[in-house]
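Reader: Could you take me through this model, with the cut-offs spelled out as we go?

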Amino acid sequence: MEEQLVQLLAATQSASETPRKHAEQQLQAFQGHHEFPIGLVNIATHENVPLNIRQAALLYLKTLVLAGWSSQLEEFRGQVLVSDENKVRIRQTLLDLAISDQLDRKIKSTASYVVSKIASADFPEQWPDLLPRLMHTIPSGIDGQVHGALKVLGELVDDCFNESQFFSVARDLVKVVFEVAVNENRKPTLRALAVSVFRGCFDILEMVMEDHKGPVKQFADEVLNQWNHFFLTVMKMQLPTPPTEAEEEDCTPNAELYKGLVALKLQVVKVLMRIRGVFPAILSPQTPALFSATWDELSSLQGAYQQMYIQEERQSRLEDADRLPYTLDFLVLEELDFMQACLRAPPVRAELEQQLRNSTNPETTWVTEVMKLAVAYAHITTEEEGLWNVDVNIFLSEETSVTANYTPRTACGDLVIKLGEWQTQATVEGLLSYTRSLYSTNQSWKAKEAALYILNQLLSDFGDVEKQIGAEPATGFVDFIRYAMQQTDPFLRARGYLVAGSLTRTSGGALNPVAGAFLEASLTAIPSDASEVVQVSCIRALQYYLQALPRSVTQPLQEAIVSAISTYLQGQDLQELAESDDLMVTVVETLRDTILLDPRICITGSGLDLLFQVASHAANNFQLTMIVNETFEEVTEMINELRGDAYTNLCAKVLPSLTAAFDVGDLTGENHLMNLAAELLSVLAEKGPEPLPPGFVQATMPKLKRLLLGSTEEELLKSVTMVVKNILAHDHQQLFEWHDDQGKGGLEVVLIIIDHLLSPSVNDNAAGEVGALAAEVVEKAGHERLGPFLESLLRAVAVRLGSATHAAFIQSLTLVFVRLSLTSAPDVLEFLFNLNIDGTNGLQVVLAKWLENSVNFAGYDEIRQNVIALSKLYDLKDSRLRQIEVRGDLIVSNDGRIRTRSQTQNNPDKYTAIPATLKILKVLIVELGSASGANQELEAAAAAELDEEGSDDGDWEDEPTPFMGLGSGLSKEQLMAFAADDRPGSGRQRDDETQTFLVDFFHRASTTQGFDEEFAALTEEEQGRLRELPPVA
């Protein structure tokens, strides 16, 4: 069998698809065979089999283990595929393979991973000797064995230990890896791997902190007292001279040693950052020494970093087979982040603040030295220079901070931003001082660009938090900006234009005397500069001027800005440019700011045409289309407010191009351009006057009808439905007087459309807006026009509501009855009671969906209308309402068991059944809390508490900070709480008008017959809310 398996494994790596797929199918068929896993293990251990085949055998074994080893594995597919007898042999053989010496690292790494997966199911019950064997091998084994044992131990720490298992061996485990880490006779990569295993222990410690805070902190204190000296020693250790490129390529001993020492230092910094996150108070006393060592090392590594990445183009961001990063750029990045963290440690702050107080010359403070360090590592690397020259979108994504590529350059920007938050004036003065000295030398353009880049990052942060730079330092940077804008290097030139805009935005008018000239220089460069990097930088910089300068300065240049951007775009292939998301968004944002200076340019000029042209080539870009929609909404509102013929002229300009987009593509597939055109047309109708200009319906309805009756694209159907609804809301007379090419009147056409959208052939999402359209028809046409069609329409809505499952669709359909109930609640009740829907009373069907979903309704007007409609139904005191039973409160299970997803599906939640009148009260009590802003106040209080917890002064001294969600400022627990917060009405904003109405309603209802019995049936919390009602004013 093994020979056959070797042939099949070799075939799976064939470049030819047919034999590869055939081999994969045969291997899949072998999965249930008794000898299959043993055959794979034998192949993996056979020295005469090629390495790639041995590794492939292990990968197939991994798949087999995950799918068929044990039901305890998440990926288990329901059938155990390995016998107990074979399991014993496989466990032993794989562990031997993982901890053997002189074996390919990829094979050992894969074997270690499979061992860890088996261990997660079998350890310790079926594999009790696993950990003892590892603990014996690590102190006494040779390097190859120790490497394998550490890999397996690391996997165990990451995936296998539970709380009790870890603490039963924690001290011995930490001792074993400590002895490897401090042993200078071991290879540096082994020592780095040992530190990595130690770092993994903190994930377990963090998880059990909440339940065992005292013992965990005691253990951590004890352990770190042992490790702290080692950390500082490694941080202070000097790296040898870096290897040459040739030495790196040949993997010489010198190159391997350097790589290993970098990996070791990296792991030490990583574990320090991890300790800082879990036990900051324990690490805090060590921070002055660690900060000093980090600063010294970063200062000493500048030459090597410059040589390797600024002058040469060494490979960066590399990891070895054990996933240990080992390149110098990674080390610099980690140390910059650790330095930033140390700046917030109280002992470090106290020392640095004292030094600032004692300083008499701002040009020689430690702040200036930090600026010097930041600028040194913020140089554009050779790799970045090459990438940005090829693809300006990459440059722009780095510039707008939307890239996931975190580099030493961006870390330097973050370092200075954090320093600026703490010592704003000193940071600005230190940067200005160093920039002056730098620009007085013959240093490279990269150094001068880096200084302005750091300034730009600082100013961007100022702009985000609405902070301003002082007038004196702002004017102090002007000469350096002018110098940069005149240089031959495109990146320094581009930086000059960008900083000029940023400085104008954040200097509070201090640069107004020169800002006009800077703006015009950018305008000139957009169509004329030879570098595209400079051109797009100028387009971006225009946004800052348009936001900061008086309209009297910018509005006269409106046409010139549009013309400059148009000229730039004429030189581009827009189809190709559409793939550059960041560039397209930048162009659209600048066009938006330009157009909104005076929206009349949309009628008289080409601003809107250019905006639509760009959007038409990137209609699949969600961010871009959102900006275009928002811009057009503002334009339409502002033009409508101009009165006269302004709106009519806007329609004449945009309707032909919008409706023409509906002729592009077929009706059955997704077409982003048609979706965008429908959204814009909906905005045009919604924000227009009442009535709409003559001819609006004739220009739009024929194509809208074709789309609504012929398209199957869900988002398009929703958008086009809203267009018709908005036309109906603004000018129903024009719509009803219109006739299609078959002579059918507008009302009949709309009813045909509604009937189609309510049919089972259209799913809930696609028909999501039909309720709003139907409600508008009922309101605008009235009983007189609709006649017998009214009952047919309402019956169709009720029937579809009974089968609806999509929340937004349920709301849309329910609002038909909501709006009718505002004026004719008795008629609605009578109609539904007499309606039969597949043998069920219509009142039962509609009220069940209505009341179960009310608390999740969205939209101020919709929520307020729903509240009033429900109150009117309650006020009827109709016995038929009390006879209708709907879903009440959740019946809570008290078995204390955690329910899995499958258990929830097999045993769904159960609810009480209560009268509709009681449910109405429950819903309105929820809405009372939402309208009063109670949920908002709770969230604000939580946010304030969170802000206090996350303050810079507290994150080193107080309790360990929980894991923070990326960029959110929220802990993992808080994020999970928000995600799980499905309280009715959560997320609603305060609504005084609705609150006043509800307070009055409950006071009035409390005096009516039957209320006392209903009050008694409420929960204690609900009763408490009513007891706390303020008196009627």
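Author: What follows is a short conversation about the chain, its domains and some of its side-chain pairs.

Reader: Before anything else, what kind of model is this, and which pLDDT limits apply?

Author: This is a predicted model, in which local features need pLDDT of at least 70 and side-chain atom pairs count only at pLDDT 80 or more, while totals for chains, interfaces and linings use all residues. Residues are numbered from 1 along each chain as its sequence is written, and side-chain values use heavy atoms, with hydrogens and water left out.

Reader: Fine. How many helices and strands does the chain have?

Author: The chain has 54 helices and four strands, where helices (H or I, at least four residues) and strands (E, at least two) are DSSP runs numbered from the N terminus. Its C-alpha trace spans about 95 × 80 × 70 Å along the principal axes, and of the 1033 residues 54% count as buried, buried meaning under 20% relative accessible area, exposed over 50%, and partly exposed in between, with a 1.4 Å probe and protein chains only.

Reader: Which domains are assigned?

Author: The assignment gives domain 1 (1–160), domain 2 (161–358), domain 3 (655–786) and domain 4 (792–933 + 990–1032), with bounds that come from an automatic or database domain assignment.

Reader: How far apart are the C-alpha centres of domain 3 and domain 4, and how much area do they bury?

Author: The C-alpha centres of domain 3 and domain 4 lie 31 Å apart, and the contact (heavy atoms within 4.5 Å) takes 22 residues from domain 3 and 16 residues from domain 4. The two domains bury about 1300 Å² between them, 61% of it on carbon and sulfur atoms; buried area here is the accessible area (1.4 Å probe) that two parts lose on being put together, summed over both.

Reader: Which residues of domain 3 supply the most of that area?

Author: Leu-758, Asp-764 and Val-778 supply 44% of the area that domain 3 buries against domain 4, more than any other three residues.

Reader: And how many salt bridges cross that interface?

Author: The rule, a side-chain nitrogen of Lys or Arg within 4 Å of a carboxyl oxygen of Asp or Glu, finds three salt bridges across the interface of domain 3 and domain 4. Turning to helices, α41 (746–757) and α42 (770–786) each supply at least two residues of the side of domain 3 that touches domain 4, and the largest share of that side, nine residues, comes from α42.

Reader: Changing topic, what is the total of salt bridges in the structure, and where do Glu-256 and Lys-259 sit?

Author: The structure holds 44 salt bridges. Glu-256 and Lys-259 form a salt bridge at 3.4 Å, N to O, and because they are three residues apart in helix α13 (residues 253–278), about one helical turn separates them.

Reader: Are those two buried or partly exposed?

Author: Glu-256 is partly exposed at 33% relative accessibility, and Lys-259 is partly exposed too, with a relative accessible area of 21%.

Reader: What about Glu-1021 and Arg-1025?

Author: Their side chains meet in a salt bridge of 3.5 Å, N to O, and the two residues, four apart in helix α54 (residues 1020–1027), are separated by about one helical turn. Glu-1021 counts as exposed at 56% relative accessibility, whereas Arg-1025, at 30%, counts as partly exposed.

Reader: Which residues are linked in a network of salt bridges?

Author: Glu-399, Arg-409, Glu-449 and Arg-495 are linked in such a network.
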